[in-house]
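Me: I am new to this structure and should like to understand the terms used to describe it. Please explain each one as it arises.

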Amino acid sequence: MIKLQQLIGLPVLVIHSGKHIGFVKDAWFDEHWRLIGLIVEGAKWFATSVKTVEWAEVLTCGEDAVFISRESAVKSVKAAQIGRSFETGVVKLKELPVVTVQGIQLGRVSDVYFYPFQGTQIVGYELTDGFISDLMEGRKWLKAPEDPDAVLLGEDAIIVPAVSEAELEPVAASNSINREK
């Protein structure tokens with residue numbers, strides 16, 4: 001599993017030439033919050049477009065770099081087309097509240113987890129209750145439900161089943177190899 005924030009800031013390199021394309025600035029999602037690609041360069045002050053790489057063109061996500069298949073995989077996209085992203089889009093996944101259908105807020109999204117090459121659906125959320133709570137109690141891990149229809153990934157909140165409150169685990173447990181069971 002990869003934490004999305006581990007990718008942000010990594011250099012993007014072309015595998016066959018070693019050319020440095022830029023740094024990962026953000027991740028771009030579709031309306032179902034499936035990963036579409038990486039934003040390599042955000043919009044500048046007066047620019048209307050951003051540089052992106054479709055996820056299908058990403059070959060490897062290592063600890064120190066992201067490799068893409070070819071330089072032509074980098075495309076310019078109008079910033080307005082980036083509707084959903086982790087940090088910079090019109091709808092941002094980071095800091096979205098996660099609320100049960102019973103109206104209990106479980107926390108706010110701090111990071112998301114996914115298997116990089118087994119599909120791009122989010123498999124879990126790292127939740128925070130704020131800085132002090134993170135220090136005192138630590139962050140929480142919430143596995144995404146098996147049924148994607150059980151979760152509403154909305155514009156202003158993520159709505160999860162009531163049972164999700166009982167399924168919260170400490171973040172350290174989410175990093176274990178046994179998580180895949």
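Reply: Leaving aside neighbours within four places in sequence, F29 is in contact with L4, R34, L35, I36, R84, S85, F86, L93 and I122. The model is predicted: local features need pLDDT of at least 70 and side-chain atom pairs count only at pLDDT 80 or more, while totals for chains, interfaces and linings use all residues. Residues are numbered from 1 along each chain as its sequence is written, and side-chain values use heavy atoms, with hydrogens and water left out.

Me: What makes L4 a contact of F29?

Reply: Contact means heavy atoms within 4.5 Å. L4 is listed as in contact with F29, so the pair has heavy atoms within that limit.

Me: Which residues touch the most other members of the largest nonpolar core?

Reply: They are L7, F29, L93, V109, Y125 and I158, in a core of 40 residues. A nonpolar core is a set of buried Ala, Val, Leu, Ile, Met, Phe, Trp, Tyr and Cys residues joined through side-chain atoms within 4.5 Å. Strand β13 (residues 105–114) gives the largest share of this core, four residues. Another core, of five residues, lies apart from it and includes W28, V50, V77 and I82.

Me: Why is strand β5 called mostly covered?

Reply: Buried means under 20% relative accessible area, exposed over 50%, and partly exposed in between (1.4 Å probe, protein chains only). In β5 (residues 35–41), five of the seven residues are buried, so the strand is called mostly covered.

Me: How do you know that β4 and β5 pair?

Reply: Strands are DSSP runs (E, at least two residues), numbered from the N terminus. Two of them pair if DSSP finds at least two bridges between them. Strand β4 (residues 26–29) and β5 have four bridges, in the antiparallel sense, so the condition is met. In one of these bridges D26 has I39 of β5 as its partner. The two strands form a hairpin with five residues between them, and W33 in the turn has a positive phi of about 60°.

Me: What makes β9 and β11 edge strands?

Reply: Each pairs on one side only. Their open sheet has six strands in the order β9-β6-β5-β4-β10-β11, with mixed pairing. Within this sheet, β5 and β6 (residues 49–54) are antiparallel over four bridges, and L38 has V53 as its bridge partner. Strand β10 (residues 84–85) runs parallel to β11, joined by two bridges, with S85 opposite K92.
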